[in-house]
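Dear colleague,

I am passing on the structure we spoke about, and below it you will find an account of what turned up in it. Please read the notes with the coordinates open beside them.

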Amino acid sequence: MFFDFSSAFNTIQPRLLGDKLQLAGVDHHLTTWILDYLTHRPQFVRVQGFESDRLLCSTGAPQGTVLAPFLFTLYTADFSYNTPSCHLQKFSDDSAVVGLITDGDDREYRGLIQDFADWCLRNNLQINAGKTKELVVDFRRRRHSPPAPVSIQGKRTSTL
C-alpha cells in the first residue's frame, strides 16, 4: 500500500512536533529553535508588483526548504512497525506498508493499515485515499479472486 498525504509538510503541528522532540530526548534549546522557526511566519502573495496582506502562519514547514522533509521525518518518527511479514517503510513524506499474506490471512496487514490511518488522524495528517494505491503481487500458481479492497477513513483505495 503506497500512501499519499494531502499537503504533508503543510500539516506539521509545531506543538505536537515539540512534544515528540522532547520525548525523543532532543535538546530543549534545539526544540525551542525549531518551534520558533515554525511559528508566526509572515506570508503574503505578490503578483505583478501588488502584495496581499501579510498573515502569520503557525502550521506546517516552509515549502522548498531543506528542513521541511527533515522536520516531517521527525514528526512521523514515532510510528514504526516491523515484523517478518509486515513493515512500514517511510522516506520523508512517502510511506508504504509492505505485507506478506500467507494462506489468505491478511489480518496483520489490514490491522497495520488501520493503525497507521488512525495514527495519521491523531497527528493531523490527512491521507489522500484517492491517490493511495495498493499493489498486489500474487505468486500462487492458480488464479484466485483478488483480495477485498482496502478502505481508509471510509474511502476505498484503488489496486494497481
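**Salt bridges**

Arginine 110 and aspartate 106 form a salt bridge, in which the closest N and O atoms are 2.5 Å apart; arginine 110 itself is partly exposed, with a relative accessibility of 26%. Please bear in mind throughout that this is a predicted model, and that the values below are computed from it.

In general, side chains of opposite charge can pair when their charged atoms come close. The count of salt bridges in this model comes to six. One of them joins the side chains of aspartate 78 and lysine 20, with 2.9 Å from N to O. Because aspartate 78 lies in the loop between helix 3 and strand 6, while lysine 20 belongs to helix 1, this pair ties together parts that are 58 residues apart in sequence. The two partners differ in their surroundings: aspartate 78 is partly exposed at 47% relative accessibility, whereas lysine 20 counts as buried at 12%.

A further salt bridge runs between arginine 54 and glutamate 51, whose closest N and O atoms are 3.5 Å apart. Arginine 54 counts as exposed, at 51% relative accessibility, and glutamate 51 is partly exposed, at 42%. This pair does not stand by itself, since Arg46, Glu51 and Arg54 are linked in a network of salt bridges.

**Helix 3 and its buried face**

Helix 3 covers residues 67-76, and within it Ala68, Leu71, Phe72, Tyr75 and Thr76 are buried. Viewed down the axis of helix 3, these buried residues fall within an arc of 130°, and therefore they line one face of the helix. The spacing fits a general rule: an α-helix has 3.6 residues a turn, so residues three or four places apart point the same way. As for what lies opposite, the buried residues of helix 3 pack against helix 1 (14-23), helix 2 (28-38), strand 6 (86-91) and helix 4 (107-122).

Threonine 76, which has its place in helix 3, may be worth a look on your screen. Its relative accessibility is 5%, and because buried means under 20%, threonine 76 counts as buried. When neighbours within four places in sequence are left aside, threonine 76 is in contact with Lys90, Trp119 and Leu125.

**Cysteines**

A search of the whole structure for disulfides finds zero. Cysteine 120, for its part, is in no disulfide, and the nearest cysteine sulfur, which belongs to cysteine 86, is 16 Å away. Cysteine 120 is buried, with a relative accessible area of 0%. Cysteine 57 is likewise buried, with a relative accessible area of 18%, a value to be read against the cut-off of under 20% for buried residues.

**A nonpolar patch on the surface**

Finally, Phe2, Leu135, Val137 and Phe139 form a nonpolar patch on the surface, and together they have about 470 Å² of accessible area. Phenylalanine 139, one of these residues, is placed in the loop between strand 8 (133-134) and strand 9 (151-152). With a relative accessibility of 76%, phenylalanine 139 counts as exposed.

With kind regards

Key:
Residues are numbered from 1 along each chain as its sequence is written. This is a predicted model: local features need pLDDT of at least 70, side-chain atom pairs count only at pLDDT 80 or more; totals for chains, interfaces and linings use all residues. Side-chain values use heavy atoms; hydrogens and water are left out. Buried means under 20% relative accessible area, exposed over 50%, partly exposed in between (1.4 Å probe, protein chains only). Helices (H or I, at least four residues) and strands (E, at least two) are DSSP runs, numbered from the N terminus. The arc is that of the directions from the helix axis to the C-beta atoms. Contact means heavy atoms within 4.5 Å. A disulfide is a pair of cysteine sulfur atoms within 2.5 Å. A salt bridge is a side-chain nitrogen of Lys or Arg within 4 Å of a carboxyl oxygen of Asp or Glu. Patches are made of residues with over 30% relative accessible area and no salt bridge: like charges are joined within 9 Å, nonpolar side chains (Val, Leu, Ile, Met, Phe, Trp, Tyr) within 5 Å. Accessible areas come from the Shrake-Rupley method with a 1.4 Å probe; for residues, only the protein chains shown count as cover.
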